[in-house]
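Visitor: I would like to go through this model term by term, asking each time what entitles us to the word. Could you begin with the rule for pairing?

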Amino acid sequence: MKKALLLLLAVMLVGCSGEGTEKKKEENVKKEEAVKEEKVVPVKFEEVDPESKATVEKFVKKYNVRVELYKEDTELPIELERIPEPITSELKEEKKIFSQTLLETDFKKYKGHYKIVAKYNKDKKLIGYNISVEASPADEVNDEGDEWTEGFLSAMSTTDAIGLSIDKFDVHLSKALDEEKDTHSYIDSNYKVTILLPDIDLGKFEINYDLTK
């Protein structure tokens, strides 16, 4: 009996020791995660590769010029939000790349929201742009698509500001919508443009502009 009790006690001690070890492991993992979070420090725009910095600044200026043109249109003036200048937004590391939100705003006239982002690699060099739009669901949009206009015009302004053809963008966007494609890509200059429409019925779409060289 004494031997049995000693054996049982030994088993219990091993179990407790194991539990303690597991708890220590969990605590260590949590500490490591906390340290990692602390190490993720936003990067200031001034720290970006000089050539990339100049390119993004030029992009913002061209985007704002296009916005003013839409606003001053005598037949159908449409007001869009300008990207703030000078650029002060910081870069945040996400999935081994850095993203910089240049503009995040709501539609001025209809229900909707959109965001324009500049993307950089680990060396803080520009690798492309992204615009994501959330607007009214398709069944709440009229035949002219007025409720989506601000989102599409912002995408067209982004395309033009990068230095790409608006006409070519319009042709490919129409093709993607007509053929009900979830994803459609094409090459223009040194950019691969990818139009993402899997949730277009919900009023959501996204466009990636990725540098090919």
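Guide: Two strands are said to pair if DSSP finds at least two bridges between them. The strands themselves are DSSP runs of E, at least two residues long, while helices are runs of H or I with at least four residues, and both are numbered from the N terminus. The model is a predicted one, in which local features need pLDDT of at least 70 and side-chain atom pairs count only at pLDDT 80 or more, whereas totals for chains, interfaces and linings use all residues. Residues are numbered from 1 along each chain as its sequence is written, and side-chain values use heavy atoms, with hydrogens and water left out.

Visitor: What makes S3 and S4 a pair?

Guide: DSSP bridges join S3 to S4 at 9 places and the two run antiparallel, so the requirement of at least two bridges is met. Within this pairing, Tyr 114 has Val 133 in S4 as its bridge partner, and Lys 115 stands opposite Ser 132. In the hairpin of these strands, with 5 residues between them, Lys 124 takes a positive phi near 65°.

Visitor: Which other pairings can be tested in that way, starting with S2 and S3?

Guide: S2 and S3 are joined by 8 bridges and run antiparallel, with Thr 101 having Val 117 in S3 as its partner. S4 and S7 are antiparallel over 7 bridges, and there Tyr 129 stands opposite Tyr 209. S1 and strand S2 (residues 97-106) are joined by 3 bridges, with Glu 93 opposite Phe 98. Each of these counts therefore satisfies the rule of at least two bridges.

Visitor: Why are S1 and S5 called edge strands?

Guide: The open sheet has 7 strands in the order S1-S2-S3-S4-S7-S6-S5, with antiparallel pairing. Strand S1 (92-94) and strand S5 (183-188) each pair on one side only, and this is what makes them the edges. From one strand to the next, the twist averages 25°.

Visitor: What does H2 touch when it packs on the sheet?

Guide: Contact means heavy atoms within 4.5 Å, and helix H2 (residues 50-72) touches S2, strand S3 (112-120) and strand S4 (126-135). Its direction makes about 35° with that of S4, where axes are lines fitted to C-alpha atoms (for helices, over the stretch in contact) and angles run from 0 to 180 degrees between N-to-C directions.

Visitor: How does the span of H2 compare with the one expected?

Guide: The expected span is 1.5 Å times one less than the number of residues. H2 has 23 residues and reaches 33 Å from its first C-alpha to its last, close to the 33 Å expected.

Visitor: Which residues of H2 are called buried?

Guide: Buried means under 20% relative accessible area, exposed means over 50%, and partly exposed lies in between, with a 1.4 Å probe and protein chains only. In H2 the buried residues include Val 56, Phe 59 and Arg 66, and their cover includes S2, S3, S4, H3 and H4. S4 is mostly covered too, with 7 of its 10 residues buried.

Visitor: Why is Lys 44 called partly exposed?

Guide: Its relative accessible area is 45%, which lies between the two limits, so Lys 44 is neither buried nor exposed. Lys 44 lies in the loop between helix H1 (2-39) and H2.

Visitor: What makes the link between Arg 66 and Asp 160 a polar contact?

Guide: The term requires a pair of N or O atoms within 3.5 Å; within protein, one must be able to donate a hydrogen and the other to accept it, and residues adjacent in sequence count only if both atoms are side-chain atoms. The side chains of Arg 66 and Asp 160 are joined at 3.4 Å, so the distance falls within the limit. Arg 66 also touches Ser 157 and Ile 166.

Visitor: Which residues touch the most other members of the largest nonpolar core?

Guide: A nonpolar core is a set of buried Ala, Val, Leu, Ile, Met, Phe, Trp, Tyr and Cys residues joined through side-chain atoms within 4.5 Å. Of the 49 residues here, Val 56, Phe 59, Tyr 120, Tyr 129 and Tyr 209 touch the most other members.

Key
Lists of a residue's contacts leave out its neighbours within four places in sequence.
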